[in-house]
Amino acid sequence: MEGTYSEKVMAHFRNPHNVGEIPDASGVGKVGNPQCGDIMNLYIKVENNVITDAKFKTFGCGAAIATSSMITDLVRGKTLEEAVKISNRTVIEALDGLPPIKRHCSVLAEDALKLAIEDYRKKQGV
Amino acid sequence: MKRIYLDHNATTPVDPAVLEAMMPFFREQFGNASSVHEFGRVTRMAVDRARDSIAKFLGISSASELVFTSGGTESDNFAVLGVAKALRDKGQHIVTSAIEHSAILNTCKFLEKEGYKVTYLKVDEHGLVDLDELRDSLTGDTILVSIMLANNEIGTIQPIEEIARMVKGKGIAFHVDAVQAIGKIPVDVKKLGVDLLSLSGHKFHGPKGVGAIYIRKGTAITTYQHGGHQERNRRAGTENVPGIVGMGKAVDLAREHMAAESARMTALRDRLHRGIANTIKYVRLNGHPELRLPNTLNIGFKFVEGESILLNLDMEGIAASTGSACTSGSLEPSHVLTAMAVDAADAQGSIRFSLGKDNTEEEIDYVIGILPPIIERLRKMSPLYNG
Ligand SMILES: Cc1ncc(COP(=O)(O)O)c(C=O)c1O
Ligand code: FES
């Protein structure tokens, strides 16, 4: 069964990074996946236009948990302009690929990030 | 690493005695059972012996009512398509349940495209079909009722005898998919009152790719696979002799051990259930509390998703399943749990443990010990859980 996922995916699945919530988050993105019913909450902390912290909570399959872990790693230290450019493709590549049926799981992570940034900007009144 | 197999409803290992019985039929006794020479006569006798043994086990009075196939899927297709075709002029309505195996459901969907009407009966929260709905659904146009004896995902056992009484005398063929029941609970076609019944070798320690269908004498059914004269013209193709012999041996073993095994299995199953319920909060049993296969335990773990549980179990050497083997590659929650009105998120977090004759108490206790930290870790990651 592990063979269906890359080593990288399994590593992130076994030991996900950045699990949890940020109580005073600058932005929160909550998404549900209509295809499979899975859910992801992404929290970001923004200081001087840079994402200084990111955490997640995910109800989902192995791919959903691994992409959550990876995207929170990827956004840390990025400016908002850099962060919005992170697509699900970026995440899939960083994970050394996902099985075709699991591609949509990474869309969950991309959407959650976009929403978190949008939420932050809304709060800033931009 | 210790490996523990708890996925016997997907498939079972061939019993060593079954393998031993099969072996001669690959090299020494390789003849075509239709041949008149000695090579053929030997294999013909072996095929007939297996047929007699299986027929006796299922309460079939004449062994010629049993036709060998390539497995459960073919038997189900044969039953549904064969009856639909044979009775097309009488009517075009089929009644089945929403929780059937895809071998039945997708065959019915195919027939819908051909113009047939299909009623998919609802089930209650335990997975039992609604008998009133069944009675009301029968019309003068109904030609076939197909209901499974035991469900592969949750193990719920349907009241087949009662359904047979409702269907009887109306010129409707009654088919039962008994693939998951054989070898686990007694199955007697006379007692059940069915016209057609499907079984499959690999679900009860026989080989894969061999099965059979019981066709009661007088049942209108059109041949499904055309070709040679094998199986009294009802199923063409050179017999899978090693497979048939193996399935026959598997039945012999079931006849000998089923009563004791099923008691042992029930005890192990309930031990696992108690162990889980005592150590993990927010769990539910999917399936009927009593009317259930002795080996099947389907548990919903609230707030977590099934595949991530399975991956964690797999890392610990434990093999279980999220539903039927055929649908675990799909994203939708189980059609069985959905039909039982299990909430979508809860359905996603359901795991099927299906036990077999090689499982031990130690293995079950190992699983009971492994599960709580896995569930706890995943719940800590879940946005649905505030614990
Ligand atoms: C209830 C039921 N029917 C039919 C089948 C199909 O049987 P087979 O795998 O022999 O084609 C299965 C097994 O997956 C089953 O569980
Ligand atoms: S299957 Fe739903 S997120 Fe992967």
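**Close-up views of a predicted model**

**View 1. Meet the surroundings of ligand 1.** Of the 13 residues around ligand 1, those that come nearest are Thr73(B), Asp177(B), Gln180(B), Ser200(B) and Lys203(B). Please keep in mind that this is a predicted model. Which helix gives the largest share of the shell around ligand 1? That is helix 3 of chain B, residues 72–86, with 3 residues. By residue type, the shell around ligand 1 holds 8 polar, 3 charged and 2 nonpolar residues.

**View 2. Side chains of chain B make polar contacts with ligand 1.** Start with Asp177(B), where a polar side-chain atom sits 2.6 Å from a nitrogen atom of ligand 1. Two histidines face oxygen atoms of the ligand: for His202(B), a polar side-chain atom is 2.9 Å from an oxygen atom of ligand 1, and for His101(B), the distance from an N or O atom of the side chain to an oxygen atom of ligand 1 is 3.1 Å. How much of the ligand does the protein bury? Ligand 1 exposes 390 Å² when taken alone, and the protein buries 87% of that.

**View 3. Here is the second largest pocket.** The volume of this pocket is about 390 Å³. It is lined by 24 residues, and the closest to its centre are Lys168(B), Gly193(B), Val194(B), Asp195(B) and Arg216(B). Three elements of chain B each supply at least two residues of the lining: helix 6 (160–167), strand 6 (173–177) and helix 7 (189–192). If you sort the lining of the second largest pocket by type, you will find 11 nonpolar, 8 charged and 5 polar residues.

**View 4. Asn49(A) has a positive phi.** The phi of Asn49(A) is about 70°, although this residue is not a glycine. To find Asn49(A), follow chain A to the loop between strand 2 (39–47) and strand 3 (50–59). Is Asn49(A) buried, partly exposed or exposed? Asn49(A) counts as partly exposed because its relative accessibility is 31%, which falls between the 20% limit for buried and the 50% limit for exposed.

**View 5. Glu231(B) also has a positive phi.** For Glu231(B), again not a glycine, phi is about 50°. Glu231(B) belongs to the loop of chain B between strand 8 (211–215) and helix 8 (241–279). Is Glu231(B) buried or exposed? With a relative accessible area of 7%, Glu231(B) is buried, because buried means under 20%.

Notes
Residues numbered from 1 in each chain as written. Chains lettered and ligands numbered in written order. Predicted model: local features only at pLDDT ≥ 70, side-chain atom pairs only at ≥ 80, totals over all residues. Heavy atoms only, no water. 1 Å grid on protein atoms, 1.4 Å probe; cavity = no way out; pocket = protein on both sides within 12 Å on 5 of 7 lines; lining within 4 Å. Points joined across faces, edges and corners; volume = space filled by probe spheres on them. Helix = DSSP H or I, 4+ residues; strand = E, 2+ residues; numbered from the N terminus. Nonpolar A, V, L, I, M, F, W, Y, C, P; charged D, E, K, R; others polar. Buried < 20%, exposed > 50% of the residue type's maximum accessible area, 1.4 Å probe, protein only. Near = heavy atom within 4 Å. Polar contact = N/O pair within 3.5 Å; in protein donor to acceptor, adjacent residues only side chain to side chain. Areas by Shrake-Rupley, 256 points an atom, 1.4 Å probe, with all protein chains shown as cover.
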